[in-house]
Each structure stands twice: as C-alpha cells, then as structure tokens.
Amino acid sequence: MTVPVVDGTALLIIDMQVDFVTGSLAVPGATELLEPINEIIDLPFSYRVASKDFHPPEHITFASTHGRQPWDKITIYPPEYLVRKNGGDVEDIERRGLRQTLWPDYCIQGTPGVELIPGLKVDDRFDIVLKSTDPGIESYSAFKDPWDLVHTDLENKLHQHKVKDVYVVGVAGECCVKATAIDAAKAGFNTYVVTDGVRSARDGGKEYEEMKAIGVGIIDLVVLKQRMQNVTPSI
C-alpha cells in the first residue's frame with residue numbers, strides 16, 4: 001500500500017551526527033531529539049533530506065589546524081583559489097574576513113563521528129547533502145557557505161521535487177539550523193523550524209527571534225501535525 005504524501009513539503013534534518021550528539025562537539029540536550037525527530041520523519045512529507053558536516057582533515061575551523069586551543073577565535077578569509085574560480089575580486093579578500101571560533105576536530109570524513117546517530121530513521125527515503133567538504137570553507141548552512149562560493153545541490157533538489165514548504169529540525173539551533181532556515185526562506189521557500197526537533201548550544205532563544213525577523217515560522221510538533229493533516233495528501 002502506497003503511503004499518501006503531502007505535495008510540496010520537505011523535511012530537512014540538520015547535522016544529527018555522532019560528534020554533534022555524543023561526540024567531540026556535543027550539543028546539550030541533543031540526545032533527547034531522537035524520539036521527536038523520528039516521529040517527525042514518519043509524517044507524510046513528499047521529500048526528505050539529511051545534511052552532514054563532512055570535513056576533510058586539517059579543516060580551517062579546527063583548532064588543531066592552527067596549533068591553537070579549542071574555543072580560540074581567529075579571522076578567516078575566503079580562499080583565493082575559490083574566489084578566482086568564481087570570478088571574484090581577489091583584491092577584496094581582506095575586506096571579507098569573518099571571526100571564527102576554533103573547534104575540536106569533529107565530523108571528519110571516514111571517522112565514526114561523521115555518521116548519523118544510531119536509531120535515527122534516515123533511510124532510502126532521504127537524500128543526503130554533504131557540506132563543509134572544502135578545507136578552506138565552513139558551511140553552516142546546508143545551502144551554501146557564508147561567502148557564497150560553494151553551493152550544495154540542496155536548492156536544486158528542492159525545486160526538482162516541487163517543494164514549497166520546508167520544515168527544519170536538528171542541531172545546533174543557533175548555528176546550522178538557523179543558517180539553513182534563513183537561506184531556505186531567502187530562496188523563496190515557506191520555511192518553518194520545528195522547536196521540538198531542535199537543540200541549541202547557546203543563545204537562549206535569541207536565534208528564534210533572528211529567524212522570525214527573516215520570515216521563518218517557528219512552530220512546535222503539535223502545529224506541524226495539524227498542518228500536515230489539514231491538507232489533502234496525494235497518492
């Protein structure tokens with residue numbers, strides 16, 4: 001029997017990886033997300049995506065890359081090779097610096113920490129989007145990096161699946177969830193963050209106000225279920 005789906009809806013699960021849940025950069029309370037996110041997965045979305053940080057060794061955001069301590073701050077700049085590749089102005093690089101917290105090594109390709117957490121019901125219904133694959137770029141958003149130099153195929157996939165409404169869960173709320181939700185809204189999708197499926201490392205709720213200011217809807221699981229039930233599914 002074919003399970004009915006709600007046309008135009010997509011679920012984005014952001015970075016529910018071992019290192020973010022129980023590993024080197026664990027988000028407080030992230031272990032509590034397995035049950036609600038699995039419940040959300042079972043709702044009749046027409047399209048599902050899970051993103052993963054997929055760092056190469058010696059990534060620019062690792063403290064170990066710079067011989068520094070985790071939580072130190074540095075300024076990072078867009079890599080010249082990518083600026084040139086994109087036809088940008090290399091003379092402008094020094095003016096595009098961003099402050100960056102240096103992290104412990106995390107979500108490195110080929111390590112256990114990069115994998116999605118055990119028990120998460122991500123299966124062949126999902127497309128997997130990999131981000132932060134370039135050693136010189138950190139992509140908090142599942143769409144693109146902050147310098148707009150490296151794009152994933154997420155936006156194209158959403159358009160190919162005729163998605164209009166995007167629902168976002170995962171970690172961390174003030175970082176990758178916020179960046180992804182804001183980029184989704186800026187790309188023209190009706191975007192909602194489902195708070196039951198999100199945990200943040202900090203910010204105390206300020207991240208939700210920042211998302212709302214861009215036009216992102218902030219809802220809970222009860223409202224999500226109502227929204228999914230109050231539309232006509234397709235077979």
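Here is a short tour of this protein chain, from its overall build down to a few single residues.

## Before you start

This is a predicted model, where local features need pLDDT of at least 70, side-chain atom pairs count only at pLDDT 80 or more, and totals for chains, interfaces and linings use all residues. Residues are numbered from 1 along each chain as its sequence is written, and side-chain values use heavy atoms, with hydrogens and water left out.

## The overall build

The protein chain has eight helices and eight strands; these are DSSP runs (helices H or I, at least four residues; strands E, at least two), numbered from the N terminus. Its radius of gyration is 18 Å, close to the 18 Å that the globule rule gives for 235 residues, so the chain is as compact as a globular protein of that length. That radius is taken over C-alpha atoms, and the rule is 2.2 Å times the number of residues to the power 0.38. Along its principal axes, the C-alpha trace spans about 55 × 40 × 35 Å.

Half the story is inside: 50% of the 235 residues count as buried, meaning under 20% relative accessible area with a 1.4 Å probe, protein chains only (exposed is over 50%, partly exposed in between). Take the contacts (heavy atoms within 4.5 Å) between residues at least 6 apart in sequence: 79% of them join residues at least 24 apart.

## The main core and helix α6

The largest nonpolar core has 62 residues, and Ile13, Met16, Leu158, Val193 and Leu224 touch the most other members. Such a core is a set of buried Ala, Val, Leu, Ile, Met, Phe, Trp, Tyr and Cys residues joined through side-chain atoms within 4.5 Å. Helix α6 gives the most to this core, with seven residues. A second, separate core of eleven residues includes Ala63, Val83, Ile93 and Trp147.

Helix α6 covers residues 173-186, and 13 of its 14 residues are buried, so the helix is largely enclosed by the rest of the structure. Just after α6, glycine 188 takes a positive phi of about 100°.

## Two residues to look up

Methionine 16 has plenty to look at: leaving out residues up to four places away in sequence, its contacts include Val21, Leu33, Glu115, Leu120 and Val171.

Isoleucine 76 sits in strand β3 (residues 73-76) and is buried, with a relative accessible area of 5%. With the same sequence neighbours left out, isoleucine 76 touches Ile60, Arg96, Gly97, Leu98, Gln100 and Trp147, not counting residues up to four places away. Threonine 101 is 25 residues from isoleucine 76 in sequence and 9.8 Å away in space, C-alpha to C-alpha.
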